[in-house]
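Subject: Structure for your review

Dear colleague,

Please find below the structure that I am handing over to you. I would be grateful if you could read the notes after it with the model open beside them.

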Amino acid sequence: MILYFLTVGTLLLSLQNWACADTYTQAFERGRVDWTNGIVEVWAGAAPPAHVLNPAQGRALAEAEAETLARDALMGLLQSIRIDSKSTVREALDHEGARDDLVVAVLRNSYVAEKFILADGTVKVTVAIKLNGSFGDLVLPKTVMTIKSVEQSSKKEEQFTGLILDCRGIPLSPAMVPMIVGEDGQVVYGTAYVSRDHALEGGVAAYARGLAKARDNPRVGPKPLIVKGLRTVKGRSSDIVISNADAGKIKGSGSNISVFHRGRVLFVME
């Protein structure tokens with residue numbers, strides 16, 4: 001593992017630049033959720049113990065302590081993430097009696113993304129985990145099932161390659177499993193539409209910052225359909241309402257089956 005020696009000022013500048021990246025992220029005191037790439041990162045720091053045999057031992061002990069603290073904090077942050085409008089990861093795992101499975105998932109699948117040694121000898125460690133893959137398999141609703149017909153879906157006269165939901169100006173809360181409904185309440189996209197294998201690979205949906213960047217996102221392909229969100233569903237801050245006209249446009253396209261099975265849905269945020 002390469003160690004980067006930085007002053008505190010340089011580190012803070014690095015974090016500021018990172019926060020301005022072209023991704024949609026939720027920032028927390030000691031971490032962030034990158035909803036564009038489906039990654040959660042948490043950092044922690046530890047100083048070398050006062051009494052050690054040599055500086056190398058002190059640094060090794062500080063690294064181990066910082067990594068342990070970061071993984072503990074990662075488990076806490078993961079539990080606060082919304083699965084859908086109804087539940088967080090904590091609530092879902094408590095309901096299933098699977099809290100211990102989260103510990104196993106974090107220990108097995110999280111990884112050290114960065115290490116910094118500050119001028120005073122403090123070691124800062126950033127650990128990360130993907131929201132998809134094994135963690136996604138643990139928390140995604142059982143209603144997200146593998147759809148065997150994905151590879152057999154017709155590709156003739158594909159009208160659009162992905163769906164972009166323009167939600168700028170709407171107080172939408174990101175979630176792992178968002179839902180799209182028409183004004184009449186009919187579901188346009190939800191758990192029954194995406195195949196579990198694709199959801200575990202790339203997520204049910206993703207979020208991006210800015211419409212221009214969203215158009216270039218490979219998730220939605222070269223010909224995305226862009227639809228304007230109207231509002232969130234009452235009492236469900238992660239679900240978005242679109243016009244019946246747009247809902248009809250989506251349902252009337254033969255390509256939407258393949259697009260939705262593969263989770264090629266992108267929400268644009270401010």
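The notes below cover two sheets, one helix and three individual residues.

Please bear in mind throughout that this is a predicted model.

The parallel sheet

One open sheet consists of four strands in the order S10-S14-S7-S11, and its pairing is parallel. Its edges are formed by strand S10 (206–209) and by S11, each of which pairs on one side only. From one strand to the next, the twist averages 25°. Within this sheet, S7 and S14 run parallel to each other and are paired over four bridges. Isoleucine 164 has leucine 266, in S14, standing opposite.

The mixed sheet

A second group of four strands also forms an open sheet, here in the order S9-S8-S13-S12 and with mixed pairing. At the edges are strand S9 (187–189) and strand S12 (231–233), each pairing on one side only. Neighbouring strands of this sheet are turned against each other by 50° on average, with direction ignored. Strand S8, which spans residues 179–182, pairs with S9 in the antiparallel sense over two bridges. Valine 181 has valine 187 as its bridge partner in S9.

Helix H8

Which residues of helix H8 are buried? In this helix, which comprises residues 244–251, Asp246, Ala247 and Ile250 are buried. They cover an arc of only 105° around the axis and therefore lie on the same side of H8. The cover over the buried residues of H8 includes strand S7 (162–166), S8, S9, S11, strand S13 (236–242) and H9. With respect to the parallel sheet, H8 packs on it and touches S7 and S11. The direction of H8 makes about 160° with that of S11.

Three residues in loops

Arginine 262 is located in the loop between helix H9 (256–261) and strand S14 (265–269). Its relative accessibility is 14%, so arginine 262 counts as buried, the cut-off being under 20%. The side chains of arginine 262 and serine 258 are joined by a polar contact of 2.6 Å.

Proline 48 belongs to the loop between strand S4 (39–46) and helix H2 (55–80). Is proline 48 to be called buried or exposed? With a relative accessibility of 33%, proline 48 counts as partly exposed, because this value falls between the limits of 20% and 50%. When its neighbours within four places in sequence are left aside, proline 48 is in contact with Gly58, Ala62, Gly121 and Thr122. Proline 48 and arginine 59 are separated by 11 residues in sequence, and their C-alpha atoms are 5.7 Å apart in space.

Proline 218 sits in the loop between helix H7 (211–215) and strand S11 (224–228). Its relative accessible area is 74%, and proline 218 is therefore exposed, since that term applies over 50%. How far apart in space are proline 218 and glycine 162? Their C-alpha atoms are 9.2 Å apart, while 56 residues separate the two in sequence.

Taken together, arginine 262 counts as buried, proline 48 as partly exposed and proline 218 as exposed.

Yours sincerely

Key
Residues numbered from 1 in each chain as written. Predicted model: local features only at pLDDT ≥ 70, side-chain atom pairs only at ≥ 80, totals over all residues. Heavy atoms only, no water. Buried < 20%, exposed > 50% of the residue type's maximum accessible area, 1.4 Å probe, protein only. Contact = heavy atoms within 4.5 Å. Polar contact = N/O pair within 3.5 Å; in protein donor to acceptor, adjacent residues only side chain to side chain. Pairing = 2+ DSSP bridges. Axes fitted to C-alpha atoms, helices over the stretch in contact; angles between N-to-C directions. Arc of directions from axis to C-beta.
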